[in-house]
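The following note sets out points for a colleague who is examining this model. It deals with charged pairs, helix packing and backbone geometry in turn.

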Amino acid sequence: MTDAPALVPLDYSAHTLGELLGPEWSDSLVRAFRWMTLARVLDGRMLALQRQGRIGFYGPATGQEAVSVGAALSIGPTDWVFPGLREQLVALARGHSLTTYMHHLFADDRDPARGRQMPCHPSAREVRYVSMSSVIGTQVTQAVGLAYGLKLRGDPSVALAFFGDGATSANDFHAGANLAAVWNAPVVLCCTNNQWAISVPVEHQTAVATLAEKAKAYGLPGERVDGTDIVAVTSRLRSAVARARSGEGPSLLEFVVYRMTPHSSSDDPTRYQSADWMARARARDPYLRLEGLLRTLGLADDGSVAAWREESDASVRAAIAEAEAAPSPVPESLLTDVFESVDGRPAPS
Ligand SMILES: Cc1ncc(C[n+]2csc(CCOP(=O)(O)OP(=O)(O)O)c2C)c(N)n1
């Protein structure tokens with residue numbers, strides 16, 4: 001497997017950062033790092049809990065966090081997110097409660113879906129984070145349909161659809177990209193190219209050199225972005241979101257990242273990845289990259305990095321303790337929120 005083609009690095013002077021991220025740039029970068037710290041702690045703990053049999057399934061995001069945080073920094077409160085397996089950080093960074101998310105992972109009685117959805121497939125109504133479907137690519141058509149509805153209603157919100165490199169070979173990607181362009185829907189198609197679809201490397205499932213160029217087939221602008229660089233992700237996403245919001249049209253962004261974990265808690269990548277993959281991935285770690293940038297800019301040091309790590313450890317520990325103490329859903333809740341009435345009586349809610 002060869003490395004992705006080189007991407008043009010950004011200039012990191014404070015002047016440029018202000019232009020790219022706005023006057024609050026230093027605050028945004030520190031917030032981004034704290035969210036990425038939380039995501040790292042969460043991935044480590046949840047994979048361990050799954051191995052201990054305490055949760056059923058987990059899809060880690062290590063290596064892809066800059067895309068999720070960049071998205072949270074690029075959209076407004078009324079915008080919609082249609083995630084893939086690894087975008088929970090978008091919901092958390094927009095204000096979804098970590099404890100509620102933990103209840104979902106434990107599939108307990110306080111899980112808003114009451115354990116009826118596969119773990120690690122949360123939804124968060126208050127931040128317009130739509131439940132992911134496990135069927136690859138379907139979030140693309142859903143996001144495009146919703147975005148078209150927004151346009152018809154004159155609602156200035158936009159929709160973001162997240163999907164992997166593998167999804168760009170699935171039917172729904174093609175149908176969604178086509179209709180997004182035909183309808184001029186206010187949507188941004190965000191392909192997080194982590195270079196693997198479970199065990200299939202990207203060059204074994206598509207013959208194109210970049211996934212961004214698939215946009216041409218549908219009359220969309222497509223752009224390849226270094227997804228390990230929070231500044232690049234945020235500035236490109238903000239432009240694409242502004243374009244969609246102003247009625248100029250949808251676009252496709254390909255964020256090149258390196259998957260630094262198994263696909264999920266269900267597979268063993270040592271069976272299909274070469275021995276040097278992980279070393280190459282670690283060399284492009286978006287978390288360490290942002291930490292280096294913050295230190296260079298004087299926005300972080302050993303003390304603050306350790307304090308933010310401890311803060312995340314404590315929040316994750318507290319959320320796990322609360323979720324593990326919660327009871328399992330009662331069997332009667334199977335029908336809650338499903339029917340308006342059952343046997344002529346109002347359904348439980
Ligand atoms: C339509 C469909 N085909 C196959 C699968 C099995 N499957 C689950 S995840 C996955 C790979 C997805 O890879 P990618 O789209 O690159 O996203 P990633 O998980 O790497 O972020 C596959 C093939 C599925 N869920 N749905």
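A salt bridge is taken here as a side-chain nitrogen of Lys or Arg within 4 Å of a carboxyl oxygen of Asp or Glu. The model under review is predicted, and residues are numbered from 1 along the chain.

1. The pair Arg-116 and Asp-337. The side chains of these two residues form a salt bridge, with an N to O distance of 3.9 Å. The partners belong to distant parts of the chain, 221 residues apart: Arg-116 is in the loop between helix H5 (98–106) and helix H6 (138–153), and Asp-337 is in the loop between H11 and strand S8 (341–342). Because its relative accessibility is 34%, Arg-116 is classed as partly exposed. Asp-337, at 51%, counts as exposed, the cut-off for that class being over 50%.

2. The pair Glu-311 and Arg-34. In total, the structure contains 16 salt bridges. One of them joins the side chains of Glu-311 and Arg-34 at 2.6 Å, N to O. This pair also links distant parts of the chain, since Glu-311 is in helix H11 (residues 302–325) and Arg-34 is in helix H2 (residues 25–51), 277 residues apart. Glu-311 is partly exposed because its relative accessibility is 32%; Arg-34, with a relative accessible area of 34%, is partly exposed.

3. The pair Glu-254 and Arg-224. Are the two partners of this pair buried or exposed? Both Glu-254 and Arg-224 are buried. Their side chains meet in a salt bridge at 3.1 Å, N to O. Glu-254 is part of strand S7 (residues 251–256) and Arg-224 is part of strand S6 (residues 222–226), so the salt bridge ties together parts that are 30 residues apart in sequence.

4. A salt-bridge network. Salt bridges also link Arg-40, Glu-65 and Asp-285 in a network. Arg-40 reappears among the H2 residues that contact helix H10, as described in point 6.

5. Helix H2. This helix has 27 residues and spans 39 Å from its first C-alpha to its last, close to the 39 Å expected at 1.5 Å a residue. Just after H2, Gly-53 adopts a positive phi of about 80°.

6. Packing of H2 and H10. The axes of H2 and helix H10 (residues 286–296) come within 10 Å and cross at roughly 145°. The crossing is left-handed. On the H2 side, the contact is made by Leu-29, Val-30, Ala-32, Phe-33, Met-36, Thr-37 and Arg-40; on the H10 side, by Pro-286, Tyr-287, Leu-290, Glu-291, Leu-293 and Leu-294. The contact residues comprise 10 nonpolar, 1 polar and 2 charged.

7. Helix H5. H5 is mostly covered, with 7 of its 9 residues buried. The buried residues are Leu-98, Tyr-101, Met-102, His-103, His-104, Leu-105 and Phe-106. The elements that cover them include H2, helix H4 (88–93) and H11.

8. Glu-324 in H11. Glu-324 lies in helix H11 and is partly exposed because its relative accessibility is 38%. Leaving aside residues up to four places away in sequence, Glu-324 touches Arg-54 and Phe-106. Phe-106 is one of the buried residues of H5. The C-alpha atoms of Glu-324 and Ser-304 are separated by 30 Å, with the two residues 20 apart along the chain.

9. The loop between H11 and S8. Pro-331 is located in this loop. Pro-331 is exposed, with a relative accessible area of 61%. Its C-alpha is 10.0 Å from that of Arg-114, although the two residues are 217 apart in sequence.

10. Positive phi values outside glycine. Most residues other than glycine have a negative phi. Which values do Asn-184 and Ile-198 take for phi? Asn-184 has a positive phi near 50°, and Ile-198 has a positive phi of about 50°. Asn-184 is in the loop between helix H7 (171–182) and strand S3 (187–193), and is partly exposed with a relative accessible area of 30%. Ile-198 is in the loop between strand S4 (196–197) and strand S5 (200–201), and at 40% relative accessibility counts as partly exposed.

Methods
This is a predicted model: local features need pLDDT of at least 70, side-chain atom pairs count only at pLDDT 80 or more; totals for chains, interfaces and linings use all residues. Side-chain values use heavy atoms; hydrogens and water are left out. Helices (H or I, at least four residues) and strands (E, at least two) are DSSP runs, numbered from the N terminus. Buried means under 20% relative accessible area, exposed over 50%, partly exposed in between (1.4 Å probe, protein chains only). The expected span of a helix is 1.5 Å times one less than its number of residues. Axes are lines fitted to C-alpha atoms, for helices over the stretch in contact, and angles run from 0 to 180 degrees between N-to-C directions. A crossing is left-handed if the near helix is turned anticlockwise from the far one by less than a right angle, and right-handed if clockwise. Contact means heavy atoms within 4.5 Å. Ala, Val, Leu, Ile, Met, Phe, Trp, Tyr, Cys and Pro count as nonpolar, Asp, Glu, Lys and Arg as charged, and the others, Gly among them, as polar.
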